[in-house]
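Open the model in your viewer and keep the sequence panel beside it. Select each stop as it comes up.

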Amino acid sequence: MQKRHLKKSLIISGLCISLLGAALTGCSSPASSASYSDTGTYFDTVITITVYGKDNEDLIQDCFDMAEHYEQLFSRTINDSDISRINNADGAYVTVDDETIDLLEKSLYYCQLTDGVFDITVGALSDLWDITNNPGVIPDDADIRAALDTIRYEYVSVRGNEVAITHAGTKLDLGAIAKGYIADRMKEYLVEQGVTSGMINLGGNVLVIGDKPDGTPFNIGIQKPFDETNSTIGAASVSDLSVVSSGNYERYFELDGKIYHHIMDTSTGYPVDNNLFDVTIFSEESVDGDALSTTCFSLGLEKGMELIESLDNTEAIFITSDYEIHTSSGIGDDITFQETGS
């Protein structure tokens, strides 16, 4: 069966904006267009909401309120969140919000699709490495093996609105998918309120609503990995699509010339090491792009590209450690790509 490509406008071309520190930002709108933008910090991420159109300013605060609501559900560092209550229940079933169930079921779908390459029970391993705060210490092999024993998505049991973890020490971590889910819910809300043009930027997860007010696509820059000047390697012009990037340059430490980053290999217990720097996913829903960017980075170029080519309405750009750019089949037909400076 032939793959169905994205029908939305998507052209990767000259620069208008750049991806700085894995955050994507937008071009300014024409002077005659009313635009409202604000920034806040939620789930340890700087988020920016931009909407266009008269009387839409109050909707930004509504989106921030949504971010706070979802943080209270999905965070594993807030003691009374749904996820923390599940993690700390010692195997007992915990009644959680409908949306927590919705996200868990979507997460478990990707766990099953990838046979555990993407796995939301990676929490104990993530805590062990603690890449964000790690000063450059590799965990003990015995501790890594113990953490690996807790990683198996089948240990998550969903029963109606109740969730339990069936294996001692297993911890949920939805960090690889939650921002995409939240971005989708924000977009749904804004569209329901009549917004026809806007951008939701959740620290590297970008979801755009329609086109810019002048009818042209939004421009999204893709950062060149490890570039000290934060320059871009290319730019995407998108209409009503999600753009999500994952890479080993986002959160990492370096020891003896080797990079140790936050994307964990669930088979070895160490950061993924496969000569990839970045994967950027283009999709209609951000929750899919979020899960797939991590999944494809973990799978590597060959298997990751094979997965993308099996999915409809999904395209990808892979950047390998030699800064070569590899694109899925829809890029070149539906999508034109031009490297920065080429």
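The tour goes from the sheet to its helices, then to a few residues and a pocket. Keep in mind that this is a predicted model.

**Stop 1: the sheet**

Show the strands as a cartoon. Look for an open sheet of eight strands. Trace its order: β4-β5-β9-β10-β13-β16-β17-β18. The pairing is antiparallel. Strands of a sheet pair through backbone hydrogen bonds, either parallel or antiparallel.

Now colour the two edges. They are β4 (35-42) and β18 (325-327), and each pairs on one side only. Turn the view to follow the twist, which averages 15° from one strand to the next.

**Stop 2: one pair inside the sheet**

Select residues 205-209 for β10 and residues 242-247 for β13. How many bridges join β10 to β13? There are three, and the two strands run antiparallel. Pick V206 and look across to β13: V243 stands opposite.

**Stop 3: two helices on the sheet**

Add helix α6, residues 178-192. This helix lies across β5 (45-52), β9 (198-202) and β10. Look along β10: α6 runs at about 15° to that strand.

Next add helix α8, residues 301-309. Helix α8 packs on the sheet and touches β16 (276-283), β17 (314-320) and β18. Compare directions here. That of α8 makes about 170° with that of β17.

**Stop 4: strand β17**

Stay with β17 and show its side chains. Is the strand enclosed or exposed? Seven of its seven residues are buried, so β17 is largely enclosed by the rest of the structure.

In a regular strand the side chains alternate between the two faces of the sheet. Check that here. T314, A316, F318 and T320 point one way from β17. E315, I317 and I319 point the other way.

Now look at the partners of β17. Seven bridges join β16 to β17, and the pair runs antiparallel. Select S283 to find T314 of β17 opposite. On the β18 side, three bridges join β17 to β18, again antiparallel. There, the bridge partner of I319 is I325.

Follow the chain from β17 into β18. The two strands form a hairpin with four residues between them. In the turn, select Y323, which has a positive phi of about 65°. Most residues other than glycine have a negative phi, and most peptide bonds are trans.

**Stop 5: I182 and F43**

Go back to helix α6 and select I182. The relative accessible area of I182 is 3%, below the 20% cut-off, so this residue counts as buried. What does I182 touch, beyond its neighbours within four places in sequence? It is in contact with F43, Y70, F74 and L202. Draw a distance between the C-alpha atoms of I182 and I200: it reads 9.9 Å. These two residues are 18 residues apart along the chain.

Take one of those contacts, F43. F43 is in the loop between β4 and β5. At 19% relative accessibility, F43 counts as buried, because the limit is under 20%. Its phi is positive, about 40°, although F43 is not a glycine.

**Stop 6: N230**

For another positive phi, jump to N230, where the angle is near 55°. N230 sits in the loop between β11 (218-223) and β12 (232-238). Its relative accessibility is 32%, so N230 counts as partly exposed.

**Stop 7: T121**

Select T121, in the loop between α3 (98-113) and α4 (123-129). Buried or exposed? At 0% relative accessibility, T121 counts as buried. Show polar contacts. The side chain of T121 reaches the backbone nitrogen of R152 at 2.9 Å. Leaving aside neighbours within four places in sequence, T121 is in contact with several residues, including T150, I151, Y153, V156 and L172.

**Stop 8: the second largest pocket**

Rolling a probe the size of a water molecule over the atoms shows where empty space is left. Turn on the surface and find the second largest pocket, with a volume of about 200 Å³. Its lining has 14 residues. Select N248, K258, I259, V272 and D273, which lie nearest its centre.

Which strand gives the largest share of the lining? It is β15, with four residues. Colour β15 (258-261) and β16 to finish: each supplies at least two residues of this lining.

Definitions and conventions: Residues are numbered from 1 along each chain as its sequence is written. This is a predicted model: local features need pLDDT of at least 70, side-chain atom pairs count only at pLDDT 80 or more; totals for chains, interfaces and linings use all residues. Side-chain values use heavy atoms; hydrogens and water are left out. Two strands pair if DSSP finds at least two bridges between them. Axes are lines fitted to C-alpha atoms, for helices over the stretch in contact, and angles run from 0 to 180 degrees between N-to-C directions. Contact means heavy atoms within 4.5 Å. Buried means under 20% relative accessible area, exposed over 50%, partly exposed in between (1.4 Å probe, protein chains only). A polar contact is a pair of N or O atoms within 3.5 Å; within protein, one must be able to donate a hydrogen and the other to accept it, and residues adjacent in sequence count only if both atoms are side-chain atoms. On a 1 Å grid over the protein atoms alone, a cavity is a set of points where a 1.4 Å probe fits but cannot get out, and a pocket is an open set with protein on both sides within 12 Å along at least five of seven lines; lining residues have an atom within 4 Å of a point. Grid points are joined across faces, edges and corners, and a volume is the space filled by probe spheres set on the points.
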